[in-house]
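Here are some notes to read beside the model. Please keep the structure open and find each residue as it comes up.

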Amino acid sequence: MVSRAFAWVEGLNDQIYFFYHLLEKRRDGTVEESLRHTLRIAGRAIVFATLINAGGYDRQIRKSRLVYRRRRDRLFSALSREAPAVRLTGIAAGLHAVADLPAHETEAEVISRAARRGVAVEGLGSYTVAGHERGPALVVGYGRPAEHAFTTAVGRLCAALAESA
């Protein structure tokens, strides 16, 4: 029911954009060009609404949740085994986790070690607001690596985190 309501709202939104794009393009070119442009945009909305109504969107979301939950579990398991001094936190529904580093580490050192191993992570410090600082930590995204490369990426990250721990 929620997905159908979402599709209806999206459809209404797309109708508004349809006419907006039709009028905008008409100022710049011919009616034929504006219709062609507008139908390209409307076509995306139709495909998305069909995907929602057929249940494909819900299936994709459920499948993705399971995949990312398993990745998160693998990351947590590997880090607790390989780098026990690093505490990993974050909600199970996300695509990122926060790795709290030991107090003697700096974010820059660990980011550099990870980069030398081909792993990109970011320091949490770049996301904090003045007055709300905390100890050194990394933001670890586990949604991006391809499935065939995920285990290798986790192993390299664990090696970088365990190097001085």
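In which helix is alanine 115 found? The points below begin there and then move through the rest of this predicted model.

1. Alanine 115. This residue is found in helix H4. Alanine 115 counts as partly exposed, because its relative accessibility is 48% and the exposed class begins only over 50%. Its C-alpha atom is separated by 9.2 Å from that of leucine 157, although the two residues are 42 apart along the chain.

2. Overall layout. The chain holds 5 helices and 4 strands. Read from the N terminus, the order of elements is α-α-α-β-β-α-β-β-α. Of its 165 residues, 30% count as buried.

3. The sheet. In what order do the 4 strands of the open sheet lie? The order is E1-E2-E4-E3, and the pairing is antiparallel. E1 (87-89) and E3 are the edge strands, each pairing on one side only. As background, strands of a sheet pair through backbone hydrogen bonds, in either a parallel or an antiparallel way.

4. The pairings in detail. E1 and E2 are joined in the antiparallel sense over 3 bridges. E2 and E4 also run antiparallel, with 5 bridges between them. E3 (residues 122-123) pairs with E4 over 2 bridges, again antiparallel. To trace the last pairing by eye, look for glutamate 122, whose partner in E4 is valine 139, and for glycine 123, whose partner in E4 is leucine 138. Between E2 and E4, alanine 97 has valine 140 as its bridge partner.

5. Burial of two strands. In E2, 4 of the 5 residues are buried, so this strand is largely enclosed by the rest of the structure. E4 (residues 137-141) likewise has 4 of its 5 residues buried, and it is therefore largely enclosed too.

6. The hairpin of E1 and E2. There are 6 residues between these two strands, and glycine 90 takes a positive phi near 140° in this hairpin.

7. Aspartate 100. Which residue in E4 stands opposite aspartate 100? It is alanine 137. Arginine 87, in turn, stands opposite aspartate 100 in E2. The arginine 87 and aspartate 100 side chains form a salt bridge, with the closest N and O atoms 2.9 Å apart. Arginine 87 lies in strand E1 and aspartate 100 in strand E2, so the pair ties together parts 13 residues apart in sequence. Is each partner buried or exposed? Arginine 87 is exposed, with a relative accessible area of 52%, whereas aspartate 100 is buried at 11%.

8. A charged network. Glu105, Arg113, Arg117 and Glu163 are joined into one network by salt bridges that share partners. Glutamate 105 sits in the loop between strand E2 (96-100) and helix H4 (107-116). Glutamate 105 is buried, because its relative accessible area is 3% and the limit for buried is under 20%. Its side chain makes a polar contact with the side chain of arginine 113 at 3.2 Å.

9. Helix H3. This helix has 27 residues and reaches 39 Å from first C-alpha to last, close to the 39 Å expected at 1.5 Å a residue. Its buried residues are Gly56, Ser64, Arg71, Arg72, Leu75, Ala78 and Leu79. When checking such a list, recall that an α-helix has 3.6 residues a turn, so residues three or four places apart point the same way.

10. Salt bridges of other residues. The count of salt bridges comes to 10. One of them joins glutamate 147 and arginine 71 at 3.2 Å, N to O. Glutamate 147 lies in helix H5 (residues 147-162) and arginine 71 in helix H3, so this pair ties together parts 76 residues apart in sequence. Arginine 71 is buried, with a relative accessible area of 4%, while glutamate 147 is partly exposed at 44%. Another salt bridge joins arginine 81 and glutamate 82 at 3.8 Å. Here arginine 81 counts as exposed at 56%, and glutamate 82 is partly exposed at 45%.

11. A nonpolar patch. Leu51, Tyr57 and Ile61 make a nonpolar surface patch of about 220 Å². Isoleucine 61 lies in helix H3 (residues 56-82). Isoleucine 61 is partly exposed, with a relative accessible area of 32%; this residue can therefore belong to a patch, since patch residues need over 30%.

Methods: Residues are numbered from 1 along each chain as its sequence is written. This is a predicted model: local features need pLDDT of at least 70, side-chain atom pairs count only at pLDDT 80 or more; totals for chains, interfaces and linings use all residues. Side-chain values use heavy atoms; hydrogens and water are left out. Patches are made of residues with over 30% relative accessible area and no salt bridge: like charges are joined within 9 Å, nonpolar side chains (Val, Leu, Ile, Met, Phe, Trp, Tyr) within 5 Å. Accessible areas come from the Shrake-Rupley method with a 1.4 Å probe; for residues, only the protein chains shown count as cover. A salt bridge is a side-chain nitrogen of Lys or Arg within 4 Å of a carboxyl oxygen of Asp or Glu. Buried means under 20% relative accessible area, exposed over 50%, partly exposed in between (1.4 Å probe, protein chains only). A polar contact is a pair of N or O atoms within 3.5 Å; within protein, one must be able to donate a hydrogen and the other to accept it, and residues adjacent in sequence count only if both atoms are side-chain atoms. Two strands pair if DSSP finds at least two bridges between them. The expected span of a helix is 1.5 Å times one less than its number of residues.
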